[in-house]
Amino acid sequence: MEEVINLTGCTGTVSQLNYSGSTQNISSRVYKAMGFVLVHAGAGYHSESKAKEYKHVCKRACQKAVDRLRAGAMALEAVTAALIELEDSPFTNAGTGSNLNLCGDIECDASIMDGKSLNYGAVGALTGIKNPILVARRLLNEAQKGKLSAGRIPPCFLVGIGAQQWALGHGIPACPSEKMATKFSLSAYRRNKRKMEQAEKLETVYNPSKRRRQSSGTVSEIMVGHEEPMSASLDTVGAIVVDQEGNVAAAVSSGGLAMKHPGRVGQAAHYGCGCWAENARDARPYSTAVSTSGCGEHLMRTMLARECSTAMQTEDAHQALLEAMQNKFIGSPFLASEDGVLGGVIVLRCCRCGEDQSSDNFQALLVEFLWSHTTESMCVGYMSTHDSKARTHISRLPPGAVAGQSLAIEGGVCRLGVTD
């Protein structure tokens with residue numbers, strides 16, 4: 001069903017991606033529901049020793065989404081199901097197992113966007129809620145109901161204690177932060193805290209300004225260690241979905257950077273930065289969905305999710321994403337002062353296809369799906385409603401490539417067809 005093609009490029013090099021075959025019809029069998037999901041377990045560093053766990057959680061997330069799609073659910077419900085599975089895994093930096101901040105607390109960010117209605121919901125620096133994506137989804141749903149009493153505009157983005165109180169008031173149960181922490185996240189916090197304290201003692205004498213920057217929660221090599229670089233700061237998990245009607249949805253969730261300052265909100269909650277979903281309409285021939293991961297500050301300053309969605313409206317999706325990652329991210333003037341630009345995206349675009357696209361008897365979707373990253377690695381999984389199981393892959397930069405200065409891009413194409 002899918003063709004997966006590899007492409008690796010470096011900054012300043014625009015490579016041409018050619019398909020090695022032709023897209024094939026799935027089957028003549030009648031399917032009452034169809035759809036496709038692509039998920040990621042963060043862009044950062046994925047050790048070989050934990051590769052099995054990362055892949056396994058991506059498989060489970062894909063399966064949860066596909067189960068919903070097969071039951072006839074819309075994209076929004078399916079993408080939420082995938083995110084809950086990703087948040088519940090102790091191996092991901094979202095929900096359970098999230099990074100701890102400077103004070104040893106867990107504060108999560110999440111957002112979700114519906115490509116059909118263009119509605120959006122997000123939470124930032126949220127504590128005491130096991131699945132932040134449920135709060136973001138509920139915010140989106142409540143906003144769709146219209147104005148509140150006295151003509152007040154319903155919120156689409158809440159943070160901190162206000163977000164927690166709103167969630168509890170809308171029936172989402174509380175979960176103590178200590179129950180969301182894992183042995184791994186607690187161990188990483190204690191190790192990072194010791195390294196940071198040692199580094200600050202030395203830097204107080206030689207570079208006081210750098211000491212202040214370390215305390216603000218900025219990522220540094222001294223904090224993440226050498227055994228598994230960036231293992232403590234894998235960011236944002238996410239998913240993107242297209243359903244049987246061609247609607248798209250996208251979602252992201254994150255525990256944020258390790259040792260971040262309390263109250264810091266990353267790209268996972270920011271509009272146009274963490275996720276984007278927009279159905280085809282008017283001058284937009286393609287429906288697109290995007291979910292990002294990596295260093296939140298880099299992703300926020302470039303609004304990468306929305307930039308990639310806009311780029312996908314050109315004819316060649318692979319070339320468009322390559323150029324977007326090079327020009328709008330690695331080479332962005334907004335990040336000119338950065339030594340390395342760290343991030344990753346998953347993208348899908350789809351359109352109706354067939355000889356007679358207006359016919360009710362022929363409904364087919366052509367789905368192109370891609371992922372790209374400038375980090376050392378990125379773990380992804382994907383599955384259609386016609387597949388018996390999900391496919392997973394840990395994409396890595398080629399040997400010798402420098403993280404933050406080079407990129408990898410891979411992807412494939414899937415045709416979902418229904419004939420009556």
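Start by selecting Gly72, just after helix α1: its phi is positive, at about 95°. Keep in mind as you click around that this is a predicted model.

**Stop 1: helix α1**

Step back from Gly72 and select α1 itself, residues 51-70. The helix has 20 residues and spans 28 Å from its first C-alpha to its last, close to the 28 Å expected at 1.5 Å a residue. Now colour its buried positions: Ala51, Tyr54, Val57, Cys58, Ala61, Cys62, Ala65, Val66 and Leu69. Look at the spacing as you go along the helix. An α-helix has 3.6 residues a turn, so residues three or four places apart point the same way. To see what covers these buried residues of α1, show β2, α2, β6, β12 (377-384) and β13, which are among the covering elements.

**Stop 2: helix α2**

Next, select α2, residues 75-88. Here 14 residues reach 20 Å from the first C-alpha to the last, close to the 20 Å expected at 1.5 Å a residue. Is this helix mostly covered or mostly open? It is mostly covered, with 11 of its 14 residues buried. Among them are Ala75, Leu76, Val79, Leu83 and Leu86, and the buried set also includes Thr80, Glu85 and Glu87. Turn on the surroundings and you will find the buried residues of α2 packing against β2 (36-44), α1, β3 (108-114), α3 (132-144), β6 (237-242) and β7.

**Stop 3: salt bridges**

The structure holds 10 salt bridges, and a few make good viewing. Since you are at α2, pick Asp88 and Lys130, whose side chains meet in a salt bridge at 2.7 Å, N to O. Asp88 lies in helix α2 and Lys130 in the loop between β4 (120-126) and α3, so the pair ties together parts that are 42 residues apart in sequence. Both ends are partly exposed: Asp88 has 29% relative accessibility, and Lys130 has 33%.

Then go to Glu297 and Arg264, another salt bridge, at 2.7 Å from N to O. Glu297 belongs to helix α9 (residues 296-302), while Arg264 sits in the loop between β7 and β8 (275-278), so this pair joins parts 33 residues apart in sequence. Glu297 is partly exposed at 26% relative accessibility, whereas Arg264 counts as buried at 12%. While you have salt bridges on display, add Arg138, Glu142 and Lys145, which are joined into one network by salt bridges that share partners.

For a bridge between distant parts of the chain, select Glu48 and Arg396, whose side chains meet at 3.4 Å, N to O. Glu48 is in the loop between β2 and α1, and Arg396 is in strand β13 (residues 391-396), 348 residues apart. Glu48 is exposed, with a relative accessible area of 60%, and Arg396 is partly exposed at 30%.

**Stop 4: the nonpolar cores**

Which residues touch the most other members of the largest nonpolar core? Select Phe36, Leu38, Leu321, Leu348 and Val367, out of 54 residues in that core. Helix α11 (residues 317-330) gives the most to this core, with 8 residues. Zoom in on Val367 and show its contacts beyond four places in sequence: Phe36, Val242, Leu348, Arg349, Cys350, Gly412, Val413, Cys414 and Leu416. Apart from this core lies another one, of 44 residues, among them Val37, Val66, Ile172 and Cys379. You may recognise Val66 from the buried residues of α1.

**Stop 5: Thr236 and Ser254**

Finish at Thr236, where an unreviewed UniProt entry places the feature "active site". Thr236 lies in the loop between α8 (221-224) and β6. Is Thr236 buried or exposed? At 0% relative accessibility, Thr236 counts as buried. Leaving aside neighbours within four places in sequence, Thr236 is in contact with His40, Gly42, Val252, Ser253, Ser254, Gln267, Ala268, Thr292 and Ser293.

From that list, select Ser254, found in strand β7 (residues 248-254). Ser254 is buried too, with a relative accessible area of 1%. Which backbone atom does the side chain of Ser254 reach? Draw a distance to the backbone nitrogen of Gly256, and the value is 2.8 Å.

Methods. Residues numbered from 1 in each chain as written. Predicted model: local features only at pLDDT ≥ 70, side-chain atom pairs only at ≥ 80, totals over all residues. Heavy atoms only, no water. Helix = DSSP H or I, 4+ residues; strand = E, 2+ residues; numbered from the N terminus. Buried < 20%, exposed > 50% of the residue type's maximum accessible area, 1.4 Å probe, protein only. Polar contact = N/O pair within 3.5 Å; in protein donor to acceptor, adjacent residues only side chain to side chain. Expected span 1.5 Å × (residues − 1). Contact = heavy atoms within 4.5 Å. Salt bridge = Lys/Arg side-chain N within 4 Å of Asp/Glu carboxyl O. Core = buried A, V, L, I, M, F, W, Y, C linked by side-chain atoms within 4.5 Å. UniProt positions renumbered as here; feature names shortened; annotations may be inferred.
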